[in-house]
Amino acid sequence: MFEVNDRAVNYILYEYKLMHQIYQSKENVADAYAHAGFNYGNIRWEKLPNEEIGKLGRRIAFAEIAQRYYDLQYSFDNGRAEIERQYPFIREAFQLLGFQEIRRLRSRKAVEEALLQAKLADKPSRSEMFGLLSQVIEIGRFYLTADLRAICEQFHLSKIKDLREWYNIKSGTKRINGVPRNGYWIRSLIV
């Protein structure tokens, strides 16, 4: 058993309060530091708009973090590495699940579960899947809905709309043997 010094506990709690508090003025910050026994020099004071103050108290949703990670993919900023440090599974999740699926799932827990299921199912990664899909799907061709649905099932895609991650597709009709048939046109690749 060890003894807890009340003064040390109070000091730690007070320091925590100082680090996570929004002050009304520069003088209030100086008073709080002086009361805590801290030495301070020049205090930089910035007045934040009310909408920014509201953002400080809330946790950032995982969906916003995933969007920021996706936006930084071609950036030389260090932000992507910071996100990977905080969420070590995120790179693998983007490779196996893809951005559209992560955006659909929204929460960290749901993404981690889907990643685990993808690993267990031994599904190909999104880049590998594109290579396999490009062998089966031709650009500029019309596919009947049933045929395209069968292709999606073959690649463990739940909907035809999931192909929009790689292809620009448009639903439409085409006459086959004089009978109008519903299906999809594969218009182009999405780069």
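Colleague: Which residue takes a positive phi in the hairpin of β2 and β3?

Modeller: That's Asn177, with a phi near 55°, in a hairpin that has 2 residues between the strands. Bear in mind that this is a predicted model.

Colleague: What makes a positive phi worth pointing out?

Modeller: Most residues other than glycine have a negative phi. Asn177 is not a glycine, yet its phi is positive, about 55°. Arg106 is not a glycine either, and its phi is about 70°. You'll find Arg106 in the loop between α7 (99-105) and α8 (108-121).

Colleague: Back to the hairpin, then. How do you know that β2 and β3 pair?

Modeller: Count the bridges. Two strands pair if there are at least two bridges between them. Here 10 bridges join β2 to β3 (residues 179-189), so the two strands are paired, and they run antiparallel. Among the partners, Asn168 goes with Ser188 in β3, Lys174 goes with Arg181, and Lys170 stands opposite Trp185.

Colleague: What makes β1 a partner of β3?

Modeller: Put it to the same test: at least two bridges are needed. β1 and β3 have 3 bridges, so they pair too, again antiparallel. One of the matches is Leu144 with Gly183 in β3.

Colleague: Why are β1 and β2 called edge strands?

Modeller: Look at the order, which is β1-β3-β2 in an open sheet of 3 strands. β1 (142-144) and β2 (167-176) each have a single partner strand, so one side of each is left without a neighbour in the sheet. From one strand to the next, the twist averages 40°.

Colleague: Which helix packs on the sheet?

Modeller: Helix α10 (residues 145-154) does, touching β1 and β3. Its direction makes about 85° with that of β1. Angles of 65 to 115 degrees count as roughly perpendicular, so α10 is roughly perpendicular to β1.

Colleague: Now the helices. Why is α4 called oblique to α5?

Modeller: Helix α4 (residues 62-71) and helix α5 (residues 79-86) pack at about 140°, with axes 9 Å apart. Roughly antiparallel would need an angle over 145, and roughly perpendicular stops at 115, so α4 is oblique to α5. As for handedness, α4 passes α5 in a left-handed crossing.

Colleague: Which residues meet where α4 and α5 pack?

Modeller: From α4 you have Ile65, Arg68 and Tyr69, and they meet Gly79, Arg80, Ile83 and Glu84 in α5. By class, that contact has 3 nonpolar, 1 polar and 3 charged residues.

Colleague: How many aromatic pairs does the structure hold?

Modeller: There are 8.

Colleague: Why is the pair of Phe62 and Tyr87 called edge-to-face?

Modeller: Two checks. The ring centres are 5.4 Å apart, and the cut-off for a pair is within 6.5 Å, so Phe62 and Tyr87 count as a pair. Their planes stand at 70°, and over 60 counts as edge-to-face, so that's the name this pair gets.

Colleague: And what parts does that pair tie together?

Modeller: Phe62 lies in helix α4, while Tyr87 sits in the loop between α5 and α6 (90-96), so the pair links parts that are 25 residues apart in sequence.

How values were computed. Residues are numbered from 1 along each chain as its sequence is written. This is a predicted model: local features need pLDDT of at least 70, side-chain atom pairs count only at pLDDT 80 or more; totals for chains, interfaces and linings use all residues. Side-chain values use heavy atoms; hydrogens and water are left out. Axes are lines fitted to C-alpha atoms, for helices over the stretch in contact, and angles run from 0 to 180 degrees between N-to-C directions. Helices (H or I, at least four residues) and strands (E, at least two) are DSSP runs, numbered from the N terminus. Angles under 35 degrees count as roughly parallel, over 145 as roughly antiparallel, 65 to 115 as roughly perpendicular and the rest as oblique. A crossing is left-handed if the near helix is turned anticlockwise from the far one by less than a right angle, and right-handed if clockwise. Contact means heavy atoms within 4.5 Å. Ala, Val, Leu, Ile, Met, Phe, Trp, Tyr, Cys and Pro count as nonpolar, Asp, Glu, Lys and Arg as charged, and the others, Gly among them, as polar. Rings of Phe, Tyr and Trp (its six-membered ring) pair if their centres lie within 6.5 Å; planes under 30 degrees apart count as stacked, over 60 as edge-to-face and the rest as tilted.
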